[in-house]
Amino acid sequence: MKAYFDHGATTPVDPLVLKAMKPYFSLKFGNASSIHEFGRETHEALDQARKVIADSIGAEPSEIIFTSGGTESNNLAIKGLAQAKGSGHIITSKIEHHAVLMTCKYLEKQGFKVTYLPVDNEGFVNASDLKKAMTKNTILVTVMHANNEIGTVEPIDELARIAHEGGALFHTDAVQSFTKIPINVKEMNLDLVSLSAHKIHGPKGVGALYVRKGLRIQKQLEGGVHEFNLRAGTENIPGIVGFAKAVKLAKPEHVVYMTELRDKIINELLKIPGTRFNGAKKKRLCNNINISLMGVEGESILLGLDALGIAVSTGSACSSKNLKASHVLTAIGSKPEESHGSIRITLGRENTREEVDYLIKNIVKTVKRFKEMNSL
Ligand SMILES: Cc1ncc(COP(=O)(O)O)c(C=O)c1O
């Protein structure tokens with residue numbers, strides 16, 4: 001049996017997404033900026049897709065900028081806002097994805113001041129820490145909606161309110177939460193939101209940035225006036241069409257189903273002696289399980305499971321080749337030995353109950369085998 005449990009890294013493209021994309025490769029291939037019929041046809045598809053993405057988060061189509069994915073959206077949001085302001089103070093958290101953390105580090109080198117807020121042992125940013133960190137120079141607060149490693153869902157409504165009270169803007173990286181947790185940019189008072197298609201059964205290399213109407217950000221690519229003059233470059237129409245189709249296919253019942261599987265996995269794995277649960281117990285992504293297995297290396301478990309056709313990960317995809325303890329696990333207070341024994345299981349709607357049973361059975365067996373080997 002082959003069973004994929006690494007949907008936090010990426011998801012398979014849904015066959016219906018692929019079907020929707022196909023005509024836009026060689027049949028309807030026009031450049032959406034061309035004014036002839038070939039171009040008008042793809043421009044129409046671009047407009048429709050923009051409306052789908054906008055509707056899904058309560059935004060206006062003119063507030064959606066298509067990008068190459070979550071990384072670019074985070075760069076455009078944070079650098080774009082910082083550069084438009086020229087100087088100032090930025091607040092983020094210690095558990096952000098590298099696309100946010102490295103962007104903040106880059107801006108520090110450019111003269112911006114950055115505060116990295118700590119999190120508690122479940123991974124939550126504390127509202128009073130944000131209040132204390134705000135200064136009269138704070139221009140932006142960027143805190144992720146849901147963490148990619150430990151699944152913790154941050155109180156972004158409250159954090160956005162505090163940012164605004166202090167005169168700053170609020171950005172959230174919603175790459176992992178999009179379609180799993182409802183987002184309404186108006187009700188939640190969000191100024192900038194990053195999204196990505198490949199985490200929701202859409203294609204890789206396409207994403208979007210929500211930019212609240214009237215907000216000025218500096219574009220990051222010089223070129224044409226595409227995407228309301230905020231992101232130059234011929235639009236990736238097949239990718240954008242696929243992204244919109246993926247959004248349409250995401251249903252609340254998938255969240256209910258994944259939550260049920262998640263809770264079963266957590267309950268079963270916590271029966272393994274010495275297992276530690278990582279992340280939030282309640283406010284958690286429906287598809288994320290992160291545990292530390294004491295006395296065994298996460299990498300050994302990963303490779304042991306891989307040999308049985310099961311894919312899981314140890315931390316985020318970007319750091320899976322890097323044996324340094326995860327910055328997220330370190331921030332929630334894990335000791336290095338706990339971080340090294342951690343595995344992340346991320347579900348998708350196509351996972352079956354049989355696959356879940358196969359996963360549980362083989363994790364239990366593999367951990368037992370390694371513990372016995374280690375005790376020899
Ligand atoms: C929270 C988060 N932000 C940003 C990204 C980057 O998105 P993309 O792969 O579309 O560049 C990821 C991908 O792992 C992520 O999990």
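In this predicted model, the side chains of strand β8 split between two faces: Gly207, Leu209 and Val211 point one way, while Ala208 and Tyr210 point the other way. Whichever way they point, all of these residues are buried. That fits the tally for β8 as a whole, which spans residues 207-211 and has 5 of its 5 residues buried.

Strand β8 has partners in β2 and β7. Strand β2, covering residues 64-67, pairs with β8 in the antiparallel sense over 4 bridges, and here Ile65 is matched with Leu209. Strand β7, made up of residues 192-196, also pairs with β8 in the antiparallel sense, this time over 5 bridges. In that pairing, Leu195 has Ala208 as its bridge partner.

Another strand with a covered setting is β5, residues 138-142. It is largely enclosed by the rest of the structure, because 5 of its 5 residues are buried. Its pairings run parallel: 4 bridges join β5 to strand β3, residues 89-93, and 3 bridges link β5 with strand β6, residues 169-173. Thr142 turns up in both pairings. It stands opposite Thr92 on one hand, and its bridge partner in β6 is His171 on the other. The path from β5 to β6 takes in helix α7, residues 156-165, and the three elements make a right-handed β-α-β unit.

Turning to the ligand, 15 residues surround it, and the closest are Gly69, Gly70, Thr71, Asn148 and Ser196. Ser196 belongs to β7, residues 192-196, the strand that pairs with β8. By class, the shell around the ligand is made up of 10 polar, 4 nonpolar and 1 charged residues.

At the level of the whole protein, the domain assignment gives domain 1 as residues 3-11 plus 251-374, and domain 2 as residues 15-249. The C-alpha centres of domain 1 and domain 2 are 27 Å apart. Where the two meet, domain 1 puts 25 residues into the contact and domain 2 puts in 26. On the domain 1 side, the elements that give two or more residues are β10 (288-293) and α12 (327-331). The largest share comes from α12, with 3 residues. Sorted by class, the domain 1 side that touches domain 2 holds 13 polar, 8 nonpolar and 4 charged residues.

Notes:
Residues are numbered from 1 along each chain as its sequence is written. This is a predicted model: local features need pLDDT of at least 70, side-chain atom pairs count only at pLDDT 80 or more; totals for chains, interfaces and linings use all residues. A residue is near a molecule or strand if its C-beta atom, placed from the backbone, lies within 6 Å of it. Ala, Val, Leu, Ile, Met, Phe, Trp, Tyr, Cys and Pro count as nonpolar, Asp, Glu, Lys and Arg as charged, and the others, Gly among them, as polar. A residue is buried if 20 or more other C-beta atoms lie within 10 Å of its own, exposed if 12 or fewer, and partly exposed in between; C-beta atoms are placed from the backbone. Two strands pair if DSSP finds at least two bridges between them. Domain bounds come from an automatic or database domain assignment. Two residues are in contact if their C-beta atoms, placed from the backbone, lie within 7 Å. A crossover is right-handed if, with the strands pointing away from the viewer, the path from the first strand over the helix to the second runs clockwise.
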